[in-house]
Amino acid sequence: MGRVVVGTAVAKASRDVRVGDRLQVKNASGEFEIEVLGLSSVRGPAAKAQELYRETEESKTARAKVEEMRKLMLEFEVPVGRPSKKQRRDINKVRGRVIGF
């Protein structure tokens, strides 16, 4: 999954990143676009790394929209396999069936 696009070309692992580059990153958590603000010569903590880039506003709004759609789709999730006893009772209740005493 983890794809990085710089400009219009897919970036290889050996590509140098420069200040001002706009990177489009696709990973398991979603798709976002960042702008490089600075570089560090040593590896450091995540808090320091987050100061070196900024996510674009368009990317933030697009990710929020995708997250909202994902939450809405959870409401319509179809259960896998046979329903449990409680799920069966709920289905019967919705369908207006009265089974049992």
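This report describes the strand pairing, one helix residue and the largest pocket of a predicted model.

## Paired strands

Strand β1, which covers residues 3–6, pairs with strand β3, residues 22–27, in the antiparallel sense, and this pairing runs over 4 bridges. Within it, arginine 3 has lysine 26 of β3 as its bridge partner.

Strand β3 also pairs with β4 in the antiparallel sense, here over 6 bridges, and the two strands are joined by a hairpin through 2 residues. Lysine 26 takes part in this pairing too, with glutamate 31 in β4 as its bridge partner, so that a reader following lysine 26 meets arginine 3 in the one pairing and glutamate 31 in the other.

## A buried asparagine in helix α3

Helix α3 spans residues 85–95 and includes asparagine 92. This asparagine counts as buried because its relative accessibility is 16%, and the cut-off for that class is under 20%. When residues up to four places away in sequence are left aside, asparagine 92 touches Arg97 and Ile99.

## The largest pocket

The largest pocket has a volume of about 320 Å³ and a lining of 15 residues, of which Gly38, Ser40, Ala49, Leu52 and Tyr53 lie nearest its centre. Two elements, β4 (30–36) and α1 (46–50), are those that give two or more residues to this lining, and β4 is thus met again here after its pairing with β3.

By residue class, the lining of the largest pocket divides into 10 nonpolar, 3 polar and 2 charged residues.

Terms used. Residues numbered from 1 in each chain as written. Predicted model: local features only at pLDDT ≥ 70, side-chain atom pairs only at ≥ 80, totals over all residues. Heavy atoms only, no water. 1 Å grid on protein atoms, 1.4 Å probe; cavity = no way out; pocket = protein on both sides within 12 Å on 5 of 7 lines; lining within 4 Å. Points joined across faces, edges and corners; volume = space filled by probe spheres on them. Nonpolar A, V, L, I, M, F, W, Y, C, P; charged D, E, K, R; others polar. Pairing = 2+ DSSP bridges. Buried < 20%, exposed > 50% of the residue type's maximum accessible area, 1.4 Å probe, protein only. Contact = heavy atoms within 4.5 Å.
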